[in-house]
Amino acid sequence: QVRLVESGGGLVQAGGSLSVSCAASGNIHSISAMEWYRQAPGRLRELVAGITNGGSTNYADSVKGRFTISRDNAKNTVWLQMNGLRPEDTAVYYCYAEILTSTWQNYWGQGTQVTVSS
C-alpha cells in the first residue's frame with residue numbers, strides 16, 4: 001500500500017520561510033509527477049507547484065519567485081521551500097503524486113498546516 005507522508009509546515013511571520021516535505025513509501029515502481037496543492041478555508045484546493053521525474057517544474061503565478069519545488073527520485077521525496085511568505089499563503093498544503101505500483105494511480109498526502117501571521 002502506498003502512503004504519502006508530509007512533514008514540516010507550522011507557524012511563521014510574514015516574510016519568513018518554511019519548508020515542507022513529502023515522502024512516498026510502499027510498493028512503488030515509478031513516480032511521475034509530484035505536486036503541491038493548498039486549500040485555504042472557504043476556498044477550492046489549488047495547485048501550487050509541480051515537478052516531473054525529469055525535473056521540469058511549474059508554479060502558480062502567486063508563488064513564482066518565492067517558492068521552489070524539488071525532488072529526490074531515489075528517495076521518492078518532494079520538497080517545497082517557501083520564502084517570502086505572506087498571510088495569503090496560509091492554508092493546508094497537500095502532496096500529490098502519480099505512482100505506478102501494479103497500475104498508475106493518484107495519491108494524496110494527509111495535509112500539513114502552514115500559517116503565516118501578519
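Biologist: Leaving aside its neighbours within four places in sequence, with which residues is Arg-38 in contact?

Modeller: The model is predicted, and what follows should be read on that basis. Once neighbours within four places in sequence are set aside, the contacts of Arg-38 are Leu-44, Arg-45, Glu-46, Val-48, Ser-62, Val-63, Phe-67, Glu-88, Asp-89, Ala-91, Val-92 and Tyr-93. Arg-38 itself is found in strand 4.

Biologist: Is Arg-38 buried or exposed?

Modeller: The test is a cut-off: a residue is buried when its relative accessible area is under 20%. Arg-38 has a relative accessibility of 7%, and it therefore counts as buried.

Biologist: With which side chains does the side chain of Arg-38 make polar contacts?

Modeller: One such contact, of 2.9 Å, joins the side chain of Arg-38 to that of Asp-89. The side chain of Tyr-93 also makes a polar contact with that of Arg-38, at 3.0 Å.

Biologist: How should the charged pairs be read, and how many salt bridges are there?

Modeller: A pair qualifies when a side-chain nitrogen of Lys or Arg lies within 4 Å of a carboxyl oxygen of Asp or Glu. By this rule there are 4 salt bridges. Asp-89 and Arg-38 form one of them, with 2.9 Å between the closest N and O atoms. This pair connects distant parts of the chain, 51 residues apart: Asp-89 belongs to the loop between strand 8 (77-82) and strand 9, whereas Arg-38 belongs to strand 4 (residues 30-39). Asp-89 is buried, because its relative accessibility is 0%. Glu-46 also forms a salt bridge with Arg-38, and here the closest N and O atoms are 2.7 Å apart.

Biologist: Which residues are linked in a network of salt bridges?

Modeller: The network links Arg-38, Glu-46, Arg-66 and Asp-89. Within this group, Glu-46 is partly exposed, as its relative accessible area is 31%. Another salt bridge is formed by the side chains of Lys-64 and Asp-61, with an N to O distance of 3.1 Å. Asp-61 has a relative accessible area of 65%, so it is classed as exposed.

Biologist: Let us turn to covalent links. How many disulfides does a search of the whole structure find?

Modeller: A disulfide is a covalent bond between the sulfur atoms of two cysteines. The search of the whole structure finds 1. It joins Cys-22 to Cys-95, with an S to S distance of 2.2 Å. The two residues lie in distant parts of the chain, 73 residues apart, with Cys-22 in strand 3 (residues 18-25) and Cys-95 in strand 9 (residues 91-100). The angle about the S-S bond is -80°, and the link is left-handed.

Biologist: Are Cys-22 and Cys-95 buried or exposed?

Modeller: Cys-22 counts as buried because its relative accessibility is 0%. Cys-95 is likewise buried, its relative accessible area being 0%.

Biologist: Strand 3 has now been mentioned. In what order do the 4 strands of the open sheet run?

Modeller: Strands of a sheet pair through backbone hydrogen bonds, either parallel or antiparallel. Here the order is 1-3-8-7, and the pairing is antiparallel. Strand 1 (3-8) and strand 7 (67-72) are the edge strands, each pairing on one side only. From one strand to the next, the twist averages 15°.

Biologist: How many bridges join strand 1 to strand 3?

Modeller: These antiparallel strands are joined by 6 bridges. As an example of how to locate one, Val-5 has Ala-23 in strand 3 as its bridge partner.

Note on methods. Residues are numbered from 1 along each chain as its sequence is written. This is a predicted model: local features need pLDDT of at least 70, side-chain atom pairs count only at pLDDT 80 or more; totals for chains, interfaces and linings use all residues. Side-chain values use heavy atoms; hydrogens and water are left out. A disulfide is a pair of cysteine sulfur atoms within 2.5 Å. Buried means under 20% relative accessible area, exposed over 50%, partly exposed in between (1.4 Å probe, protein chains only). A polar contact is a pair of N or O atoms within 3.5 Å; within protein, one must be able to donate a hydrogen and the other to accept it, and residues adjacent in sequence count only if both atoms are side-chain atoms. Contact means heavy atoms within 4.5 Å. Two strands pair if DSSP finds at least two bridges between them. Axes are lines fitted to C-alpha atoms, for helices over the stretch in contact, and angles run from 0 to 180 degrees between N-to-C directions.
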